Amino acid sequence: MQQDGNTKVSALFETAVAAAVRAPSVHNTQPWRWRLDGETIRLFADRDRQLPATDPSQRALLLSCGAALHHLRMALAEAGLTASVTYFPDLADPDHLADITATTAAPSPEDLDMAAAIPDRRSDRRRFGPRPVPARQLRAVARAALPYSAAARLVPPNLRDLLAEVGHLAADRHRADPGYQRELSAWSGRHGTADGVPAANTPPVRGGDLAMRFFAEPELADRPLPDDTAEWFALCTPADDRLARVKAGEAASAVLLTATGLGLATCLQTEPLELPELRDEVRSEVLFDCAFAHALVRVGSVPAEAEPLPATPRRAPAEVIESDTAIGHVREAASSVRI
Ligand SMILES: Cc1cc2nc3c(=O)[nH]c(=O)nc-3n(C[C@H](O)[C@H](O)[C@H](O)COP(=O)(O)O)c2cc1C
């Protein structure tokens with residue numbers, strides 16, 4: 001009986017982690033580690049996968065882990081469980097980001113839709129289709145950020161030139177930054193690896209209205225469409241501490257999965273926010289000094305006859321689950337489907 005319960009908990013944990021690792025992460029670094037300890041799932045940041053030149057403050061690392069945490073929440077919801085999260089449970093260990101316990105609860109239709117969207121979500125860096133995104137869909141996407149003390153502010157058309165300008169300025173500065181370039185070459189232009197950004201998922205760099213991060217050795221054909229019709233959201237929080245960054249990552253995941261579930265194309269863009277003075281400009285000009293920006297999210301329609309994008313690779317769950325997670329440590333728990 002105990003063995004059955006342990007096996008069930010362990011299987012559920014592995015299923016949930018398999019969904020969590022599908023989360024987006026900066027340069028597909030997948031900077032997370034997971035552990036099952038009794039009834040508690042523990043999430044840790046993997047500092048060995050930080051990008052010191054690109055992300056010295058660990059904002060992108062924490063956002064990535066927050067996105068994985070949200071993916072895990074949705075996988076638990078799909079299994080009929082609701083997650084209760086304690087953030088930063090160990091003050092002595094800043095890499096210990098969250099403890100998650102779960103209890104039986106009927107999932108909301110929104111959570112089920114987001115869980116169903118996990119395998120379909122892609123970072124699509126191509127031009128989006130000409131069909132405008134209906135206002136009701138934009139509202140649904142923006143609403144998805146709210147449970148995480150975050151907001152997804154739709155950037156009005158008159159400020160899109162400013163976004164393009166800060167994007168191009170960031171690209172110019174990064175072109176002249178050897179540390180940034182080293183990390184970009186190490187983590188992109190990949191073929192057949194379990195992490196990093198595959199060459200097959202990145203189009204060549206463009207100018208003009210669309211300022212997107214340049215990745216090494218791009219192999220993806222862009223779409224021969226005129227000016228981009230995408231909408232941009234600025235994902236922001238009232239605070240700018242580590243907790244806000246993890247929660248902003250959860251909100252980013254919720255926004256991306258909601259949009260994917262609605263059949264929209266999406267991509268995160270953080271390059272201009274990696275440079276403090278450009279991030280300040282976005283804070284002043286786009287957010288009127290009311291909130292801190294963590295990511296820009298590009299959302300648009302998928303053109304008719306769109307070529308599907310291949311899924312980017314991930315390390316296997318066994319590689320990100322800490323080895324001291326042993327079935328012998330799992331207490332009897334699963335008979336009530338509590339973990
Ligand atoms: C914090 C964060 C920052 C990111 N910044 C960018 C970016 O500036 N430009 C970009 O094209 N993609 C960005 N991405 C997307 C990642 O490159 C992408 O998630 C990763 O390569 C995995 O691919 P997938 O999203 O298709 O699964 C970012 C993702 C995260 C979580």
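The paragraphs below lead through a predicted model, beginning with its domains and ending with individual residues.

The domain assignment divides the protein into domain 1, made of residues 2-118 together with 316-336, and domain 2, which covers residues 121-300. Taken over C-alpha atoms, the centres of domain 1 and domain 2 are separated by 24 Å. Where the two domains meet, 31 residues of domain 1 are in contact with 33 residues of domain 2. On the side of domain 1 that touches domain 2, the elements that give two or more residues are α2 and α3 (109-117), and the largest share, 12 residues, comes from α2. Sorted by class, this side of domain 1 has 19 nonpolar, 9 polar and 3 charged residues.

Helix α2 (59-78) also belongs to the surroundings of the ligand, since it is one of the elements that give two or more residues to that shell, the other being β9 (265-269). The shell consists of 22 residues, of which the closest to the ligand are P24, N28, S123, R213 and T312. The greatest contribution to the shell comes from α2, with 4 residues. Both domain 1 and domain 2 take part, each supplying at least three residues to the shell around the ligand. In its composition by class, the shell has 10 nonpolar, 8 polar and 4 charged residues.

Within the range of domain 2, strand β8 offers a good place to look at how the strands are arranged. This strand, residues 231-237, is mostly covered, with 7 of its 7 residues buried. The covering applies to both faces, for E231, F233, L235 and T237 are buried on one side, and W232, A234 and C236 are buried on the other. Strand β5 (151-154) runs antiparallel to β8 and is joined to β8 by 4 bridges; one pairing to locate in the model is that of L154 with its bridge partner F233 in β8. Strand β10, residues 292-300, also pairs with β8 in the antiparallel sense, here over 7 bridges, and A295 in β10 is the bridge partner of L235.

Helix α7, residues 242-261, has 20 residues and reaches 29 Å from its first C-alpha to its last, which is close to the 28 Å expected at 1.5 Å a residue. How far is α7 enclosed by the rest of the structure? Because 18 of its 20 residues are buried, α7 is largely enclosed by the rest of the structure. Just after this helix, G263 takes a positive phi of about 85°.

The stretch that follows α7 can be linked to helix α4 (residues 135-143), where Q137 has its place. If residues up to four places away in sequence are not counted, Q137 touches L262 and L264. The C-alpha atoms of Q137 and L264 are separated by 9.2 Å, although these two residues are 127 residues apart along the chain. Q137 is partly exposed, because 18 other C-beta atoms lie within 10 Å, whereas a buried residue would need 20 or more.

A second link between distant parts of the chain involves L159, which lies in the loop between β5 and α5 (160-175). L159 touches E285 and V286, again leaving aside residues up to four places away in sequence. Between L159 and E285 the chain separation is 126 residues, while their C-alpha atoms are 8.1 Å apart in space. L159 counts as partly exposed, since 14 other C-beta atoms are found within 10 Å.

Two further loop residues deserve attention for their backbone angles. Most residues other than glycine have a negative phi. Phi of Q30, however, is near 55°, a positive value in a residue other than glycine, and D289 likewise is not a glycine but has a positive phi of about 60°. Q30 lies in the loop between α1 (2-20) and β1 (32-37), and D289 lies in the loop between α8 (276-285) and β10. Are these two residues, Q30 and D289, buried or exposed? Q30 counts as buried because it has 25 C-beta neighbours inside 10 Å, whereas D289, with 9 C-beta neighbours inside 10 Å, counts as exposed.

Notes: Residues are numbered from 1 along each chain as its sequence is written. This is a predicted model: local features need pLDDT of at least 70, side-chain atom pairs count only at pLDDT 80 or more; totals for chains, interfaces and linings use all residues. A residue is buried if 20 or more other C-beta atoms lie within 10 Å of its own, exposed if 12 or fewer, and partly exposed in between; C-beta atoms are placed from the backbone. Two residues are in contact if their C-beta atoms, placed from the backbone, lie within 7 Å. A residue is near a molecule or strand if its C-beta atom, placed from the backbone, lies within 6 Å of it. Ala, Val, Leu, Ile, Met, Phe, Trp, Tyr, Cys and Pro count as nonpolar, Asp, Glu, Lys and Arg as charged, and the others, Gly among them, as polar. Domain bounds come from an automatic or database domain assignment. The expected span of a helix is 1.5 Å times one less than its number of residues. Two strands pair if DSSP finds at least two bridges between them.
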